[in-house]
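Okay, everyone, thanks for coming. Let me put the structure up, and then I'll walk you through the parts I'd like you to look at.

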Amino acid sequence: TISFSTFSLLDSARMFLFSLTLLILAYSVEQSSAHGPATALSFGNDLQSYMMLQMDMEPVKEAISICSWINKKTGDDVHDAWFTYNAPSKIDEILIGGRIRGYAIMNQDNIENSQAVPSNEWHHVCITWGHKTKTRVLYFDGQAIAQEASGNVKLTMGGSIAIGQFHQKETMEAIFYDGHSFGGELLKLNLYKRQLEAGEVGKMFSAGMCSDFEESLLGDVFLRWETILYATERHGTITEVPITCPGDHWNVLYFTDFYNKVVDDEILKKMEDQFEVLEEFFGHKIDDPLIQHLKDHH
């Protein structure tokens with residue numbers, strides 16, 4: 001009895017420590033998402049570099065929006081799909097390529113457009129669709145460039161999502177095609193469980209790659225960028241690329257002993273070499289609003 005009791009206590013302690021570790025990890029991911037530099041994913045230009053998920057798609061059965069910043073690296077002769085969703089008997093249910101002219105497909109129908117997408121430049125792309133509106137809309141850099149009637153259709157369930165490859169299987173089978181890899185970079189790829197409005201997509205683009213505008217839509221997120229970035233298995237050569245954003249150097253204030261303290265002579269003396277502008281804010285608390293102001297204006 002003593003032996004069993006001792007084991008139970010040790011086991012409980014281990015479980016407590018494991019749970020505490022998970023909480024700390026979750027908090028660290030959340031903090032790095034909110035205050036750290038923007039991080040993109042760069043996909044190798046090969047058939048081995050991809051990510052794949054199989055999810056319950058019921059929440060997006062009647063409406064979905066897919067938005068991302070993309071940096072295309074291939075020419076216009078490549079089927080460089082960076083997002084696909086294939087379902088049973090519905091191949092190419094959703095497909096978005098770096099080359100969106102001819103490769104912006106929703107409900108198996110291509111959204112006709114003539115938009116050229118320059119290589120080696122960051123651009124913002126969104127596809128939205130809703131059963132209620134019976135429309136699908138393609139956005140490029142915040143502007144609606146094509147809109148079509150979608151009819152009385154709904155998203156087919158039971159398929160798989162592939163990121164970084166031209167994929168045409170409804171299963172998690174990793175079969176891809178030579179010369180059709182994405183090979184570019186993605187940032188802030190989010191899936192939403194409703195059809196975003198034009199104004200929201202416009203604000204998402206105008207706010208820029210380094211904004212936290214997406215945080216205002218968290219209640220509508222179906223698949224979040226942070227889940228893709230931190231919790232989705234990577235295959236092949238997929239590397240993290242830090243994006244330099246204006247004001248990023250101020251993020252260090254979140255992780256110093258000065259966070260939530262008032263700017264005084266002691267703080268100014270210790271930080272005068274790098275943050276002399278803090279003199280303007282003598283007597284102010286170093287909190288989120290102040291740090292955001294510093295990032296926006298200094």
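Start with the two cysteines, Cys 67 and Cys 126, which form a disulfide with their sulfur atoms 2.0 Å apart. Before anyone asks, this is a predicted model, so take that distance as a value from the prediction. The structure holds 1 disulfide, and here it is. For the chemists, a disulfide is a covalent bond between the sulfur atoms of two cysteines. In sequence the two partners are 59 residues apart, with Cys 67 in strand 3 and Cys 126 in strand 8, and the pair links distant parts of the chain. The link of Cys 67 and Cys 126 is right-handed, with 120° about the S-S bond.

Buried or exposed, then, for Cys 67? Cys 67 is buried, with a relative accessible area of 1%. Cys 126 counts as buried too, at 0% relative accessibility.

Now keep strands 3 and 8 on the screen and bring in helix 2. Helix 2 covers residues 198-207, and in it Glu 200, Val 201 and Met 204 are buried. Look down the helix axis: the buried residues of helix 2 fall within an arc of 100°, so they line one face of the helix. What do they pack against? The partners of those buried residues are strand 3 (63-71), strand 8 (122-130), strand 9 (135-140) and strand 12 (185-192). So the two strands that carry the disulfide turn up again as packing partners of helix 2. Flip to the other side of helix 2 and you find Lys 203 and Ser 206 exposed. And just after helix 2 comes Gly 208, with a positive phi of about 95°.

While we're on backbone angles, there are a couple of residues to look at that are not glycines. Lys 188 has a positive phi of about 55° although it is not a glycine. Lys 188 lies in strand 12, one of the strands that the buried residues of helix 2 pack against. For a lysine you may want to check the surface: Lys 188 is buried, with a relative accessible area of 12%. The other one is Asn 107, with a positive phi of about 60°, and again not a glycine. Asn 107 is found in the loop between strand 6 (104-106) and strand 7 (109-110), and at 9% relative accessibility Asn 107 counts as buried.

Okay, aromatics next. How many aromatic pairs does a search of the whole structure find? The search gives 4 aromatic pairs. In the pair of Phe 43 and Phe 182, the ring centres are 6.1 Å apart and the planes sit at 65°, so the pair is edge-to-face. This pair also links distant parts of the chain, 139 residues apart: Phe 43 is in strand 1 (residues 38-43), and Phe 182 is in the loop between strand 11 (160-163) and strand 12. Phe 43 counts as buried at 2% relative accessibility, and Phe 182 is buried as well, at 0%.

Stay in the loop between strand 11 and strand 12 for a second, since Met 172 lies there too. Met 172 is partly exposed, with a relative accessible area of 39%. Beyond its neighbours within four places in sequence, Met 172 is in contact with Met 52, Leu 53, Gln 54 and Ser 160. Take Met 52: Met 172 and Met 52 are 120 residues apart in sequence, yet 6.9 Å apart in space, C-alpha to C-alpha.

That brings us to the core. The largest nonpolar core has 46 residues, and the ones with the most contacts inside it are Trp 82, Phe 83 and Ile 163. Apart from that core lies another, of 12 residues, including Leu 253, Leu 268, Ile 291 and Leu 294. Go back to Ile 163 and see who surrounds it. Not counting residues up to four places away in sequence, Ile 163 touches Phe 43, Tyr 50, Met 51, Leu 53, Trp 82, Phe 83, Leu 186, Leu 189 and Ile 228.

Last, zoom out. The protein has 5 helices and 14 strands, and 47% of its 298 residues count as buried. Of the contacts with a separation of 6 or more, 68% come from residues 24 or more positions apart. The protein exposes about 14,800 Å², with carbon and sulfur atoms supplying 53% of it. That's my tour, thanks.

Note on methods
Residues are numbered from 1 along each chain as its sequence is written. This is a predicted model: local features need pLDDT of at least 70, side-chain atom pairs count only at pLDDT 80 or more; totals for chains, interfaces and linings use all residues. Side-chain values use heavy atoms; hydrogens and water are left out. A nonpolar core is a set of buried Ala, Val, Leu, Ile, Met, Phe, Trp, Tyr and Cys residues joined through side-chain atoms within 4.5 Å. Buried means under 20% relative accessible area, exposed over 50%, partly exposed in between (1.4 Å probe, protein chains only). Contact means heavy atoms within 4.5 Å. Helices (H or I, at least four residues) and strands (E, at least two) are DSSP runs, numbered from the N terminus. The arc is that of the directions from the helix axis to the C-beta atoms. Accessible areas come from the Shrake-Rupley method with a 1.4 Å probe; for residues, only the protein chains shown count as cover. Rings of Phe, Tyr and Trp (its six-membered ring) pair if their centres lie within 6.5 Å; planes under 30 degrees apart count as stacked, over 60 as edge-to-face and the rest as tilted. A disulfide is a pair of cysteine sulfur atoms within 2.5 Å.
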